[in-house]
Amino acid sequence: MDREVAIGGVALGPRPRIVAAGGEDEIEALGRAEGADLVELRADLFADPEPGAMVAILRRLRAVGRPIIFTVRAAAEGGRLLDEKRRAALYEAALPYVDAIDAEIVSSALIVDLVPAARAAGRTVILSAHALEATPPSDGLISLVDRGFGLGADVVKLATHASTVDDLQTLLTVTLASRRRGIVTLAMGPFGPLSRLVLPAAGSLLTYGHVGKPTAPGQLGVSELADLVGRFYTS
């Protein structure tokens, strides 16, 4: 990359960093998450997420010592349906207790206030896009990368459904084109497991694993992922 990016005390690159992702049913497992460099708490995977309860959970996770990414994924991009007012309140409450936030590039009404607030608090900003049914052409994905950085991202994350090796090749092309800027790419679906190892070789900074129930199709368990990353990425 052309600049240094970190989440909490964890520098990103050149070795891929492993993120343990989970929601309400994985809180205890996230606290353990052996092999993970970071944890992602998915507030949208709670039955009834409330800001006060979320703060208490984040405090517990923070005591473990791993940096925390906080996400309230929009329903249109794979999350649970929550109104925008609640999503904004959850992010606002979480900011003092997390190291990074992840929000969608298309959630313009949300991020217009969230991104400046996160920057003012010294938090890393991940702006993301999720194509749940297919992998769009590379030029469309690169346009999303440009848009994400234009909106103030430190890191742009793209996740697409990859059903063929051509889809995986598209993600590789986009990763290589964007690797100097700060990119995370992931595949969901049949080529999801392979993508978690291949795309970091092209420059994807993070790879995500589950600690219970997968948060995305094609996600490997953290312990298996950590073993594979340890074998293939030694530096």
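The following questions and answers concern a predicted model.

Reader: In what order do the nine strands of the open sheet stand?

Author: The nine strands form an open sheet, and their pairing is parallel. Strands of a sheet pair through backbone hydrogen bonds, either parallel or antiparallel. Here the order is S9-S8-S7-S6-S5-S4-S3-S10-S11.

Reader: Which strands stand at the edges of the sheet?

Author: An edge strand here has a single partner strand, so one side of it is left without a neighbour in the sheet. This applies to strand S9 (183-188) and strand S11 (220-221).

Reader: Which residue is the bridge partner of His-210 in S11?

Author: Strand S10 (residues 206-210) pairs with S11 in the parallel sense, over two bridges. In S11, the partner of His-210 is Gly-221.

Reader: What angle does the direction of helix H4 make with that of strand S6?

Author: Helix H4 (residues 108-120) packs on the sheet. There H4 touches strand S6 (100-104) and S7. The direction of H4 makes with that of S6 an angle of about 165°.

Reader: Which residue of S8 does Leu-127 stand opposite?

Author: Strand S7 (residues 124-131) and S8 pair in the parallel sense over six bridges. Strand S8 (residues 155-161) is mostly covered, with six of its seven residues buried. The residue of S8 opposite Leu-127 is Val-156.

Reader: Is Arg-87 buried or exposed?

Author: Arg-87 lies in helix H3. A residue counts as buried under 20% relative accessible area. Because the relative accessibility of Arg-87 is 1%, Arg-87 counts as buried.

Reader: Which side chain is joined to that of Arg-87 by a polar contact of 2.5 Å?

Author: Without counting residues up to four places away in sequence, Arg-87 touches Val-72, Arg-73, Ala-74, Leu-82, Glu-104, Ser-107 and Leu-110. A polar contact of 3.5 Å joins the side chains of Arg-87 and Ser-107. The polar contact of 2.5 Å joins the side chain of Arg-87 to that of Glu-104.

Reader: How many nonpolar residues make the contact of H2 with H3?

Author: Helix H2 (residues 51-64) and helix H3 (residues 84-94) pack at an angle of about 35°, with their axes 9 Å apart. From H2 the contact takes Pro-51, Met-54, Val-55 and Leu-58, and from H3 it takes Ala-89, Leu-90, Ala-93 and Ala-94. By class, no polar and no charged residues take part, and the number of nonpolar residues is eight.

Reader: Is the crossing of H2 and H3 left-handed or right-handed?

Author: The two helices pack at an angle of about 35°. The crossing of H2 and H3 is right-handed.

Key:
Residues are numbered from 1 along each chain as its sequence is written. This is a predicted model: local features need pLDDT of at least 70, side-chain atom pairs count only at pLDDT 80 or more; totals for chains, interfaces and linings use all residues. Side-chain values use heavy atoms; hydrogens and water are left out. Axes are lines fitted to C-alpha atoms, for helices over the stretch in contact, and angles run from 0 to 180 degrees between N-to-C directions. Helices (H or I, at least four residues) and strands (E, at least two) are DSSP runs, numbered from the N terminus. A crossing is left-handed if the near helix is turned anticlockwise from the far one by less than a right angle, and right-handed if clockwise. Contact means heavy atoms within 4.5 Å. Ala, Val, Leu, Ile, Met, Phe, Trp, Tyr, Cys and Pro count as nonpolar, Asp, Glu, Lys and Arg as charged, and the others, Gly among them, as polar. Buried means under 20% relative accessible area, exposed over 50%, partly exposed in between (1.4 Å probe, protein chains only). A polar contact is a pair of N or O atoms within 3.5 Å; within protein, one must be able to donate a hydrogen and the other to accept it, and residues adjacent in sequence count only if both atoms are side-chain atoms. Two strands pair if DSSP finds at least two bridges between them.
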